[in-house]
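I opened the model to look up how some of its helices pack against each other. The entries below follow the order in which I checked them.

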Amino acid sequence: MSMLSLIVFLPLAGAIVLAAMPTIGPAVARWAWVAVSAVELVLVGVLWVGYEDPGQNALAYEQQVPWIPGVNSSYHVGVDGLSLPLVAMTTIVFLACAVYALRQPDRPRIQAALFLFLQGVSLGVFVAADLILFFVFFDLSIVGMYFVIAGWGHGNAARSALKFFLYTFLGSLALLLGFIGLYVAAAPHTFDIPELVAATPLDDSPLTGGLVLAAIVVGLAVKTPTVPFHTWLPPAHTDAPATGSAVLAAVLLKMGTYGFVRIAMPMLPEAWRSWAWAIVAIGIVSVLYGAFVALAQTDLKRMVAYTSVNHMGYIVLALGAAGLVAEGAEQARSVAVTGAVVQMVSHGLITAALFLLAGVMQDRAGTYDMGSYGGLAGPAPRYAALFAVGAFASLGLPGFSGFIAEFQIFAGSIAVAPVTAIALPGILVTAALFLRALQQVFTGPTEGRSPGFADLRVRELWSVGPLLALSVLIGVLPRVLLEVIEPASAALVSLVGR
Amino acid sequence: MTGAEGALLAMVLLPGSMGAALALTRRWERVATPIAVATAGLTTALAAVVALARPALSAPFLAGADFALEVDALAALTAPMIAAVAFLVLVFAAGSIRESRARFHGLMLIFSAAALVTASAASIPALLFAWEVMGATSYALIGFWWREPRRVSAGLTAFLTTRTADLGLYVAAGAALAGGAGMALSDLPAATDPWRHVVAAGIMVAALGKAAQLPFSFWLSGAMQGPSPVSALLHSAAMVAMGGFLLLRVEPLLAATGWAGPVAAWLGMLTAVLMGIVALAQRELKQLLAASTVAQLGFVVLAAGVGAVSGGAAHLVAHASTKALLFLAAGAWLTAWGTEDLARLRGVGRRWRVVGVCASVGALALAGIAPLSLWATKDAVLAAALEASPWLYAAGLLASALSAAYAGKALWAIWRRGDGAGVRAGGTGQVGALEQAPLVVLAAGAAGLVVLALPPLSRALAQTLGGHGEVSAVELALSAVIAAAVLLLLLRLRAPEPRWAREWLGLERIAHAVVVRPSLSLAHALARFDDHVLDRTVMAAAGAVPVLARIAARADDRILDGGVDATAHAADVTGQLAARVDDDGVDRGVEILAGRVRRLGHLARIPQTGAIHQYFLQAVAVLTIGVVAWFVYAVMG
């Protein structure tokens, strides 16, 4: 068994064991979850250390086993500079959730099993090198998240979970349609990702290529989500448990954006270039719309949810700009793509931290309504400090990963298409909304539900702290991450330019 | 890495890391002050070392954009000034900040690290990095007393206003990337057109925002809500000053565009004159000082616009010392006397002589009185302005006169004998030694830094930085006379305090009306749209599914199922029909056929008689029929 398969199937095996053995006690289940996630992190660390850039349209740690030979679909996995950072971010976020849930009293064994299942299938999406495999993991993640929200959520959880499931499932069907389009167009028919990238089957048929791209983009846009397909996100976040929200925002949303760089751009370069302006427009609208709607929210979790729309908008914007092929703009387009991939990692770390912190609020005082708090920095100084750090990280302050992402996204995009500068107010509005939230919740006289609010406990500190520390690490020493991403984004830019 | 490069790295990392450690841990509350003062002292020494050694450092950061620091002549002048003022301010704060010391000192150290990076930044990423960290720490420092909402609001206004301007740097970065010259600040003038103009415009907007030049000035008024040591560092030596500094840094770029220089020069002068009037109209000491900071930075911006970099840099450094001194004195009085209202500060200079004398040196320097520092540094800038345009020079003289006027207003207020003066509620009635010592050092700077603008040092500076090495004696004398005359005039005259000037030209109101409120309205409108239109459309579409399903179910019941029923019925009927057909038709047919066959068989048996002659006759008959048939066939052809 290769390293990647071990990484994917270890948590799945853990999930089966936990689910199948009712005799496992709550404490054992919780610590087993932490242990498996920790082993995963170690394995991914080994993967990272041994990683060498495989070159254009090639994968490292590759493994291929026949699976459904009738349709040329195989169990094919591998990583490159676009997926390895996401694999690492996923394992880190899941470990943080495991630590966070160490005191969670509600059916810990089943919850641990469910999260390990989710971890396995999420990692599967990022390492899949076959469209059917990708699709299977993609859909299984939706199923897993449905049960997380419906089973451990609060408020209107059942309804939000159903909305999430149906909406994203419908999106995945559009995606499947696109995949079948690619399969049919390829000669010989195949679902293998590197083969399809090499073949670019629809390069000569603009109409079919456009339709297949439309199906794939709609499918991914629902998952990402971009405006106007985002309305499932706020209720899902609001009613999901803290760990569920963290995984949903950090990992599941990235499956959408990852699909763009793994599938849509390299397999349909001609169509991507033709429709690049439309993609840029979707990105700009998502950035501004997400930011402004977030500014109007009074519920903390809804606010953070809308900032996700804004942050995903930057990614879409940059990837669209990467499709605007112009003389001598190679470097700028590559910078934009690098920024987009950094943003995927950065948003994962920071937003997971913010959602876990929001969970503390629900835990202590039972509401996310920001107006119900005031002067919370008094009784909970550590909580206030960590939240402030998370907020500044999210608004793209230098010193945090978000700056590395957004600076490159904007520098690259503006260099290719100056009009993208109209999305810049997005970073201003996010600054405004986070500072307003900080002011409302944490400063002023201690009132509302703030008095008696218990400060962060050790497990909460140890789940959120490392996420933000990593964001600082990337923000101060970005080469650690960029050395992996930059060759891959240069390769992607040249694939799109074909 | 050489020793000098190590010193540069340490100058930045030491305050940065110590500051982060202090800001995040509460255990060091008791030792925070000594740690911070020691760190700042060491940083000052390191700054002095790098100012002499002039090292440069560069580390790969982003693709094609290194994180580059370089101590050139301008940084060699600015960095020690920032470090020294930070050190002196922290010494002062040791005596005045009594709560949350770790947080305060931590943030101050992070801020000074960011300011030092800004001063030595040689590439856009390094600059923007430090630039925005300065903004964020200033937010936290202005809102330091977070229990009072108005102070936090002031911090928010400061951060958002300066960040609005900072967007210019993001645009500049994109344009630099497109312009092909790279992200090194010194290479920017080589960017191709039109990108060079975009880079210049972007940087200029960012610099004007930080320097609180028009129309961004209002944020500095609110920023006075912060503790006085914060104002002394952020709003004199760094942050605001770094806005002016950045324009000096990119002066070659401004000059290369052709238009950016004059625009900067005129904006600087407009700010200096208007904010001079605003300063003169203020009734609170810190507000007066804040407006005067903006006005004085106008001279630095002018310097960058007319290429007088050496004069601008000298003015920047001398002003930092002067203004830090005045802010600290104002802070000392605020703590001791419980007020910063100029009318109630009457005679405060007599109560604490050291503070009073030091502050007076500062005020006289600010007024442009010879031979104190700002007198000569300002003229070094104005000399270049005169070459550019006499009108610019005239505006500069007007701004100088206004400086003398507002400085005089403050100066006379603290020395005038008054009734009702004394310690107010909330005042401690004390100014400690730790608070007085830094004032003496700063006063020496305010007076002595005049050497920067006088030969021989001014010539050396002008040679390395660009600008005027010498200023004509006539100009120097003219400005000294104007300053002295206006200062004396203020002894007699009451300063005009029109409302528009007292309220900082209503700029904040305008910003609220033009930017803030429309943005919030837009946000709420979009949120309503999101909930009521977009989400409802999706839900309606989803809701249509059950409706469709019901219709389908009904169709299923009525049409499909009915169809099936009908078909079944029809089949039944058909079956019965078929049975009947079967019985009546087919069966009977079969029977009739059988009967016929039987009869045929019967008939066929008739010729079988057994008599030979009858068989023979039958054979002849068949043969005859055959012959006839053949004949007919042959004839018919």
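I began with the contact between two helices of chain B (helices being DSSP runs of H or I, at least four residues, numbered from the N terminus): Leu107(B), Ile110(B), Phe111(B), Ala114(B), Ala115(B), Val117(B) and Thr118(B) in H4(B) meet residues of H5(B) that include Phe129(B), Trp131(B), Met134(B) and Leu141(B), where contact requires C-beta atoms, placed from the backbone, within 7 Å. By class, I found 15 nonpolar, three polar and no charged residues there, with Ala, Val, Leu, Ile, Met, Phe, Trp, Tyr, Cys and Pro taken as nonpolar, Asp, Glu, Lys and Arg as charged, and the others, Gly among them, as polar.

I noted that this is a predicted model, in which local features need pLDDT of at least 70 and side-chain atom pairs count only at pLDDT 80 or more, while totals for chains, interfaces and linings use all residues. Residues are numbered from 1 along each chain as its sequence is written, and chains are lettered from A and ligands numbered from 1 in the order in which they are written.

I then looked up H14(B), residues 309-337, whose 29 residues should span 42 Å at 1.5 Å a residue, which agrees with end C-alpha atoms 41 Å apart; the expected span is 1.5 Å times one less than the number of residues. In H14(B), 29 of 29 residues are buried (20 or more other C-beta atoms within 10 Å of a residue's own, all placed from the backbone). Gly338(B), with a positive phi near 75°, follows H14(B).

Terms used
Two residues are in contact if their C-beta atoms, placed from the backbone, lie within 7 Å. A residue is buried if 20 or more other C-beta atoms lie within 10 Å of its own, exposed if 12 or fewer, and partly exposed in between; C-beta atoms are placed from the backbone.
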